[in-house]
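Reader: I should be grateful for a close look at one part of this model, namely its charged side chains and the surroundings in which they are placed. Please set them in the context of the strands and the aromatic pairs.

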Amino acid sequence: QVQLVESGGGLVQAGGSLRLSCAASGTIFSINAMGWYRQAPGKQRDLVAGITSGGSTNYADSVKGQFTISRDNAKNTVYLQMNSLKPEDTAVYYCNANIKSWGSRPLDYWGRGTQVTVSS
């Protein structure tokens, strides 16, 4: 069984920074792409940033130059460094990973989410 556990969310003032972490654990053979999504109240869940196993990254236009995604393959962990935070960045942030477990095909897994609140 595979689990994704996020951490690092919280309340921050506009202009501040937060670093989210997401650690994958369980019967993992390999991890392909990993990413961060966010969902604000009343809105759909949208991709914020993604990173391949080789380190290639992609970002939503709204966070380019503001957020940085990275991963530590040895720790099965993906990070999201969020700088110059704005009230509109307030959302629940979810970690996603495409993971191949022993004896199964790759599947998408989700964390439970971590709340990020940016006050003005």
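Author: The model discussed here is predicted. A convenient point of entry is Ser84, which is found in the loop between β8 and β9. Ser84 is not a glycine, yet its phi is positive, at about 50°. With a relative accessible area of 46%, Ser84 falls between the limits of 20% and 50% and is therefore partly exposed.

The loop between β8 and β9 also holds Asp89, which brings us to the charged groups. A search of the whole structure finds two salt bridges. In one of them, the side chains of Asp89 and Arg38 meet at 3.0 Å, N to O. Because Arg38 lies in strand β4, this pair ties together parts that are 51 residues apart in sequence. Asp89 is buried, its relative accessible area being 3%. Arg38 counts as buried too, at 15% relative accessibility.

The other salt bridge joins Lys64 and Asp61, whose closest N and O atoms are 3.1 Å apart. Lys64 counts as exposed at 52% relative accessibility, and Asp61 is exposed with a relative accessible area of 64%. One bridge thus has two buried partners, Asp89 and Arg38, whereas the partners of the other, Lys64 and Asp61, are exposed.

Two further charged residues deserve attention, beginning with Glu6. Glu6 is found in strand β1 and is buried, yet has no salt bridge. The nearest side chain of opposite charge is that of Arg45, 7.5 Å away; a salt bridge requires the nitrogen and oxygen atoms to lie within 4 Å, so this pair does not qualify. What the side chain of Glu6 does reach is backbone nitrogen: that of Gly113 at 2.8 Å, and that of Arg112 at 3.1 Å from one of its polar atoms. Leaving aside neighbours within four places in sequence, Glu6 is in contact with residues including Ser21, Cys22, Trp36, Tyr93, Tyr94 and Cys95. Gly111, Arg112, Gly113 and Thr114 are also among the contacts of Glu6.

The strand that carries Glu6 has a paired neighbour. Strand β1, residues 2-7, and strand β3, residues 18-26, pair in the antiparallel sense over six bridges. Within this pairing, Val2 stands opposite Gly26 in β3. Strand β3 pairs in turn with strand β8, residues 77-82, again in the antiparallel sense and over six bridges. Here Ala23 stands opposite Thr77 in β8.

Thr77 leads to the other charged residue, Arg71, since it is among the contacts of Arg71. Arg71 has its place in strand β7, residues 67-72. Like Glu6, which is buried without a salt bridge, Arg71 is buried and has none. Its nearest side chain of opposite charge, Asp72, is 8.3 Å away, which is outside the 4 Å limit, so no salt bridge is counted. For Arg71 the polar partners are backbone oxygens: that of Thr52 lies 3.0 Å from a polar atom of the side chain, and that of Ile31 lies 3.3 Å from one. Apart from neighbours within four places in sequence, Arg71 also touches Asn32, Ala33, Met34, Ile51, Ser53, Val78 and Tyr79, among others.

Asn76 is placed in the loop between β7 and β8. Its phi is near 50°, a positive value in a residue other than glycine. Asn76 is partly exposed, with a relative accessible area of 24%.

The aromatic rings complete the picture. A search of the whole structure finds two aromatic pairs. The rings of Phe29 and Trp102 have centres 4.6 Å apart and planes at 75°, so this pair is edge-to-face. It links strand β4, where Phe29 lies, to the loop between β9 and β10, where Trp102 lies, the two being 73 residues apart. Phe29 counts as partly exposed at 45% relative accessibility, while Trp102 is exposed at 59%. Tyr37 and Trp110 form the other pair, also edge-to-face, with 4.9 Å from centre to centre and 65° between the planes. Tyr37 is in strand β4 and Trp110 in strand β10, 73 residues apart. Tyr37 is partly exposed with a relative accessible area of 22%, as is Trp110 with 38%. Strand β4 accordingly contributes Phe29 to one pair and Tyr37 to the other, and Arg38, the salt-bridge partner of Asp89, lies in it as well.

How values were computed:
Residues are numbered from 1 along each chain as its sequence is written. This is a predicted model: local features need pLDDT of at least 70, side-chain atom pairs count only at pLDDT 80 or more; totals for chains, interfaces and linings use all residues. Side-chain values use heavy atoms; hydrogens and water are left out. Two strands pair if DSSP finds at least two bridges between them. Helices (H or I, at least four residues) and strands (E, at least two) are DSSP runs, numbered from the N terminus. Buried means under 20% relative accessible area, exposed over 50%, partly exposed in between (1.4 Å probe, protein chains only). Lys and Arg count as positive and Asp and Glu as negative; His and the chain ends are not counted. A polar contact is a pair of N or O atoms within 3.5 Å; within protein, one must be able to donate a hydrogen and the other to accept it, and residues adjacent in sequence count only if both atoms are side-chain atoms. Contact means heavy atoms within 4.5 Å. Rings of Phe, Tyr and Trp (its six-membered ring) pair if their centres lie within 6.5 Å; planes under 30 degrees apart count as stacked, over 60 as edge-to-face and the rest as tilted.
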